[in-house]
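Me: I am new to reading protein models, and I would like to learn how to work through one feature at a time. Could you guide me?

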Amino acid sequence: MYIAMNRFRVVPGFEEAFEEMWRNRERHLSTVPGYLEFRMLKGPKHDDHSLYASHTIWQNQEAFTAWTKSEQFRAAHARAGESRGKVEYLSGPQFEGFEVIIQEGHDGKPSPG
């Protein structure tokens with residue numbers, strides 16, 4: 001498995017607009033081979049920002065890479081610039097990708113993958 005994350009540092013006062021934008025966003029992920037799950041995570045608040053992270057799980061890194069080159073990716077990101085003015089960020093999103101090397105289920109036993 002492969003986990004792809006983008007961290008967003010949202011300026012205080014723009015959290016609601018950021019969350020609403022993501023609630024209403026068309027992601028197109030479910031039509032892509034190898035896609036498993038999506039989550040938008042809300043982290044701690046700091047003096048100068050609130051931390052968020054988008055979190056997608058893929059069958060493997062190749063499936064994620066194929067997504068980034070797909071029509072669905074272009075469609076999902078086509079309106080990304082529209083958030084300017086509605087949401088302010090400290091900086092652009094920070095990407096982090098991880099290959100899953102150990103996975104454990106809720107029962108404490110190793111899970112396949």
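Me: Let us begin with the first helix. Which residues of α1 are buried?

Reply: Please keep in mind that this is a predicted model. The buried residues of α1 are Glu15, Phe18 and Trp22, and because they cover an arc of only 65° around the axis, they are placed on the same side of α1.

Me: What is the general idea behind such a pattern?

Reply: An α-helix has 3.6 residues a turn, so residues three or four places apart point the same way. In this structure, the face of α1 that is turned away from the buried side carries the exposed residues Glu16, Arg23 and Asn24, while the cover over the buried residues of α1 includes β1, β2 and β3.

Me: Where are the buried residues of α2, and what covers them?

Reply: Helix α2 runs over residues 61–68, and its buried residues are Ala63, Phe64 and Trp67. Seen down the axis of α2, these buried residues fall within an arc of 100°, so they line one face of the helix. Their cover includes the strands β1, β3 (50–58) and β4, together with the helix α3 (71–77).

Me: Which residue caps the N-terminal end of α2?

Reply: The cap is Asn60, which has a side-chain oxygen lying 3.2 Å from the backbone nitrogen of Glu62.

Me: Now I would like to read the sheet. What holds strands together in general, and in what order do the strands stand here?

Reply: Strands of a sheet pair through backbone hydrogen bonds, either parallel or antiparallel. In this model, four strands form an open sheet in the order β2-β3-β1-β4, and the pairing is antiparallel. The edges are taken by β2 (35–45) and β4 (94–99), each of which has a single partner strand, so one side of each is left without a neighbour in the sheet. From one strand to the next, the twist averages 20°.

Me: How many bridges does β1 form with β3, and how many with β4?

Reply: Strand β1, which covers residues 2–10, pairs with β4 in the antiparallel sense over six bridges, and its antiparallel pairing with β3 runs over nine bridges. You can follow this at Arg7, which stands opposite Ala53 in β3 and has Gln94 as its bridge partner in β4. Another place to look is Ala4, which stands opposite Gly97 in β4.

Me: How should I read a residue that lies in a loop, and is Leu29 buried or exposed?

Reply: A careful way is to ask for its place, its accessibility and its contacts, in that order. Leu29 has its place in the loop between α1 (15–24) and β2, and with a relative accessible area of 6% it is buried, since the cut-off for that word is under 20%. Leaving aside its neighbours within four places in sequence, Leu29 is in contact with Tyr35, Phe38, Thr56, Trp58 and Trp67. Leu29 and Trp67 are 38 residues apart along the chain, and their C-alpha atoms are separated by 8.1 Å.

Me: Let us turn to charged side chains. How many salt bridges does the structure hold, and what does the one between Glu19 and Lys42 link?

Reply: The structure holds six salt bridges. In one of them, Glu19 is joined to Lys42, with the closest N and O atoms 3.1 Å apart. This pair links distant parts of the chain, for Glu19 is in helix α1 and Lys42 is in strand β2, 23 residues apart. Lys42 is exposed, with a relative accessible area of 52%.

Me: What separates Arg23 from Glu20 along the helix?

Reply: Arg23 and Glu20 are three residues apart in helix α1, and they are therefore separated by about one helical turn. Their side chains meet in a salt bridge, at 3.7 Å from N to O. Arg23 is exposed, with a relative accessible area of 55%, whereas Glu20 counts as partly exposed at 39% relative accessibility.

Me: Which salt bridge joins Glu37 to a partner, and which residues form a network?

Reply: The side chains of Glu37 and Arg39 meet in a salt bridge, at 2.7 Å from N to O. Glu37 counts as partly exposed at 35% relative accessibility, and Arg39 counts as partly exposed at 38%. As for the network, salt bridges that share partners join Glu19, Glu20, Arg23 and Lys42 into one.

Notes:
Residues are numbered from 1 along each chain as its sequence is written. This is a predicted model: local features need pLDDT of at least 70, side-chain atom pairs count only at pLDDT 80 or more; totals for chains, interfaces and linings use all residues. Side-chain values use heavy atoms; hydrogens and water are left out. Two strands pair if DSSP finds at least two bridges between them. Helices (H or I, at least four residues) and strands (E, at least two) are DSSP runs, numbered from the N terminus. Axes are lines fitted to C-alpha atoms, for helices over the stretch in contact, and angles run from 0 to 180 degrees between N-to-C directions. Buried means under 20% relative accessible area, exposed over 50%, partly exposed in between (1.4 Å probe, protein chains only). The arc is that of the directions from the helix axis to the C-beta atoms. Contact means heavy atoms within 4.5 Å. A polar contact is a pair of N or O atoms within 3.5 Å; within protein, one must be able to donate a hydrogen and the other to accept it, and residues adjacent in sequence count only if both atoms are side-chain atoms. A salt bridge is a side-chain nitrogen of Lys or Arg within 4 Å of a carboxyl oxygen of Asp or Glu.
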